[in-house]
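Me: I'd like a close look at a single part of this one. Could you walk me through it and then link it to what surrounds it?

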Amino acid sequence: MPYLDDPLIIFTDLDGSLLDHHDYSWQPAQPWLDKLSAANIPLVLTTSKTPAEVAALQSALHLTHQPFIAENGAMIHLPPGWRTGDEVPFHINGAGYSEIRQTLVELRQRYDFEFRGFGDVTPNQVAVWTGLSEPEAELAMQREASEPLVWFGNDLDFAYLKKCLAREGLALTRGGRFWHVMAAGAGKGQAVQWLSERYQQKRGQPVISIGIGDGPNDLSMLEAVNYAVVIKGHHDHEMPLHRDDISHVFRTSEFGPQGWSQGLSHFIPVF
Ligand SMILES: [Mg+2]
């Protein structure tokens, strides 16, 4: 059982996990956020959002001194204190955005694939697709390492697009509303592993990680951590975890930030 004075790191999904699915509030998690902060335990936001979208939230949560994981693991942002020498402020798993866009545009020209990505449309169109306001849509369009797209073609062509992308080292993953094109093998789990190793190097001792998430795109993260909190989701997807240590997995009965707190209280004893 991990204690607050252990070398803990917590990786958390945002929507439906730390943030309420409906009103985006994290209020019910505040007592636990305060405990983690008092114990100097890093909380790493691990999300499908873009760095531009995460920035405001990270600052509201007083976490700007911590790294964060964006675009479903395709990008890891490092705070100033973490950069050595001429290191850039982020680490990208595989291909960057312009490279992904170029590949998509070339494939579409060659095979007449019927899709539109964020890079093809206006902020107004992204706002219509997502339900975001236009300024919010603009933040969602500032991408570093993954491209969401809407597919309008048939299944056969889609299977062929998938094959073509695989040849370029890219993969399609299903999100809530979109398909996401990103480097093959990039995911929340891979990013969590990369960052856990960095923490380990920095501290010179093994770290104990807890992952918290509610959706299928969290599964790789929940398999990469020592302790997994599976938050009850507002969806019908099963959340199968391939791990043997069942006692290190807790499935909450509560949603969102209530479930978030329930999960931490389950694993970490507080005196
Ligand atoms: Mg979620």
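Which residue in β7 is the bridge partner of Arg 116?

Reply: That would be Val 150. Keep in mind that this is a predicted model. The Arg 116 bridge belongs to the pairing of β6 with β7, which is antiparallel and runs over three bridges.

Let's stay with β7 and look at its other neighbour. Three bridges also join β7 to strand β9, residues 179-183, again in the antiparallel sense. Two of the residue pairs can be named: Pro 148 of β7 has His 180 as its bridge partner in β9, and Leu 149 is partnered by Trp 179.

Put those pairings together and you get the sheet. Four strands make up an open, antiparallel sheet, in the order β6-β7-β9-β8. The edges are taken by β6 and β8 (170-174), each of which has a single partner strand, so one side of each is left without a neighbour in the sheet. From one strand to the next, the twist averages 35°. As background, strands of a sheet pair through backbone hydrogen bonds, either parallel or antiparallel.

Now for the side chains of β7. In a regular strand the side chains alternate between the two faces of the sheet. In β7, Glu 147, Leu 149 and Trp 151 point one way, while Pro 148 and Val 150 point the other way. Every one of these is buried, and β7 is accordingly described as mostly covered, with five of its five residues buried. That buried set takes in Glu 147, and also Val 150, the partner of Arg 116 we started from.

What lies around this sheet? Helix α6, residues 155-167, lies across β6, β7, β8 and β9, and runs at about 135° to β8. Then there is helix α4, residues 123-130, whose buried residues are Val 126, Ala 127, Trp 129 and Thr 130. These four cover an arc of only 165° around the axis, which puts them on the same side of α4. The cover over them includes β6 (115-117), α5 (134-140) and β7 (147-151), so β6 and β7 come up here as well as in the sheet. Right after α4 comes Gly 131, with a positive phi near 85°.

Step back along the chain from β6 and you meet another backbone detail. Asp 112 sits in the loop between α3 and β6. Its phi is positive, near 55°, in a residue other than glycine. For context, most residues other than glycine have a negative phi. Asp 112 has a relative accessible area of 61%, so it counts as exposed.

Glu 71 makes a nice contrast. This residue is not a glycine either, and it has a positive phi of about 50°. Glu 71 is also in a loop, the one between β3 (68-70) and β4 (75-77). But its relative accessibility is 1%, so Glu 71 counts as buried.

One more loop is worth a glance: Gly 94 is placed between β5 (90-92) and α3 (97-111). With 57% relative accessibility, Gly 94 counts as exposed. The C-alpha atoms of Gly 94 and Asp 155 are separated by 27 Å, with their positions 61 residues apart along the chain.

To set the β7 sheet in context, look at the other one. Five strands form an open sheet in the order β2-β1-β10-β11-β12, and here the pairing is parallel. At its edges stand β2 (43-45) and β12 (249-255), each with a single partner strand, so one side of each has no neighbour in the sheet. The twist in this sheet averages 20° from one strand to the next. At the β12 end, strand β11 (residues 227-232) runs parallel to β12 and is joined to it by four bridges. One of the residue pairs there is Val 229 with Phe 250 of β12.

Finally, a helix pair. Helix α1 (residues 30-38) packs against helix α9 (residues 256-267) at an angle of about 45°, their axes being 9 Å apart. That angle makes α1 oblique to α9. On the α1 side the contact involves Trp 32, Leu 33 and Leu 36, which meet Trp 260, Ser 261, Leu 264 and Ser 265 of α9. By class, this contact has five nonpolar, two polar and no charged residues.

Definitions and conventions: Residues are numbered from 1 along each chain as its sequence is written. This is a predicted model: local features need pLDDT of at least 70, side-chain atom pairs count only at pLDDT 80 or more; totals for chains, interfaces and linings use all residues. Side-chain values use heavy atoms; hydrogens and water are left out. Buried means under 20% relative accessible area, exposed over 50%, partly exposed in between (1.4 Å probe, protein chains only). The arc is that of the directions from the helix axis to the C-beta atoms. Contact means heavy atoms within 4.5 Å. Two strands pair if DSSP finds at least two bridges between them. Axes are lines fitted to C-alpha atoms, for helices over the stretch in contact, and angles run from 0 to 180 degrees between N-to-C directions. Angles under 35 degrees count as roughly parallel, over 145 as roughly antiparallel, 65 to 115 as roughly perpendicular and the rest as oblique. Ala, Val, Leu, Ile, Met, Phe, Trp, Tyr, Cys and Pro count as nonpolar, Asp, Glu, Lys and Arg as charged, and the others, Gly among them, as polar.
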